[in-house]
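Got your viewer open? Let's walk through this one together, one selection at a time.

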Amino acid sequence: MIGSQQALHQGVTSLYVSHQRWLSGFIQRRMGCPSTSADLVQDTYLRLLNSGRLPDTDSARAYLTHIAKGLIIDWYRRRRVEQAYLDYLQAQPELMASSPEQHQQTMEALVAVDALLGHLPVKVRQALLMRQLEGMSYKDIAKALSVSVSSVEKYVAKALAACVLAAQE
């Protein structure tokens, strides 16, 4: 076990030496910010290390690119959620201001919910949001999504079950 972990660490180190420079450029072209890019390069190798497996030498670049693209998408998603939350807070009276700790906890919860919703099929996600945020009836959701009311019931049940499962983890 220790030998395999040592081999993994050596393999990740070797990939870092071979690919860090171009990966940093790849990410920085998409992010524009050197410090954010450096964080995402580090996160890419950390994710590779946590996966416990190394790509083949021939596919290392494609594999690292795949991980980096996912991290970039996650970063933009988190930023979008955070901006929406900040906009919401700004529209609230000053008495509603939260502490930095509450803000951080709320952001983490919002990002987790957003990630959960992002993994649901489109119609399942839409049905849940229409029901929970817009208060639409199943019949109106069915009409909007061009599906049956029975399908909407299944979509909402599936989404709620995913939420409950996520809350238990």
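What follows is a short tour of a predicted model.

**Stop 1: the largest nonpolar core.** Start by selecting L23, F26, I27, L40, Y45 and L48. Out of the 19 residues in the largest nonpolar core, these touch the most other members. Now color three helices: α1 (2–31), α2 (34–51) and α3 (60–90), each of which supplies at least two residues of this core. Which helix gives the largest share? That's α1, with 8 residues.

**Stop 2: zoom in on F26.** Keep F26 on screen and show what lies around it. If you ignore its neighbours within four places in sequence, F26 is in contact with T65, A68 and K69.

**Stop 3: the other core.** Next, select A127, M130, M136 and I141. They are among the 9 residues of a second, separate core.

**Stop 4: the annotated stretch.** Select residues 123–147. The UniProt annotation for this range, from an unreviewed entry, reads "domain: HTH merR-type". In the model, the chain over residues 123–147 is 72% helix and 0% strand. Click on the C-alpha atoms at the two ends of that range and you'll find them 9 Å apart.

**Stop 5: two crossing helices.** Show α5 (residues 122–132) together with α7 (residues 149–168). How do they cross? Their axes come within 8 Å and meet at roughly 90°, so α5 and α7 are roughly perpendicular to each other. To see who makes the contact, put side chains on K123, V124, A127, L128, R131 and Q132 from α5, then on Y155, V156, K158, A159, L160 and C163 from α7. Sorted by class, the contact of α5 with α7 has 8 nonpolar, 1 polar and 3 charged residues. You'll recognise A127 here: it belongs to the second core and also to this contact.

**Stop 6: a pair of serines.** Pick S146, in the loop between α6 (138–145) and α7. Its phi is near 60°, a positive value in a residue other than glycine. Is S146 buried or exposed? Its relative accessibility is 65%, so S146 counts as exposed.

Then move on to S151, which sits in helix α7. S151 has 21% relative accessibility and therefore counts as partly exposed; the cut-off for buried is under 20%. For a last click, draw a distance between the C-alpha atoms of S151 and Y138. These residues are 13 apart along the chain, and the two atoms are separated by 9.3 Å.

Note on methods. Residues numbered from 1 in each chain as written. Predicted model: local features only at pLDDT ≥ 70, side-chain atom pairs only at ≥ 80, totals over all residues. Heavy atoms only, no water. Axes fitted to C-alpha atoms, helices over the stretch in contact; angles between N-to-C directions. Helix = DSSP H or I, 4+ residues; strand = E, 2+ residues; numbered from the N terminus. Parallel < 35°, antiparallel > 145°, perpendicular 65-115°, else oblique. Contact = heavy atoms within 4.5 Å. Nonpolar A, V, L, I, M, F, W, Y, C, P; charged D, E, K, R; others polar. Core = buried A, V, L, I, M, F, W, Y, C linked by side-chain atoms within 4.5 Å. Buried < 20%, exposed > 50% of the residue type's maximum accessible area, 1.4 Å probe, protein only. UniProt positions renumbered as here; feature names shortened; annotations may be inferred.
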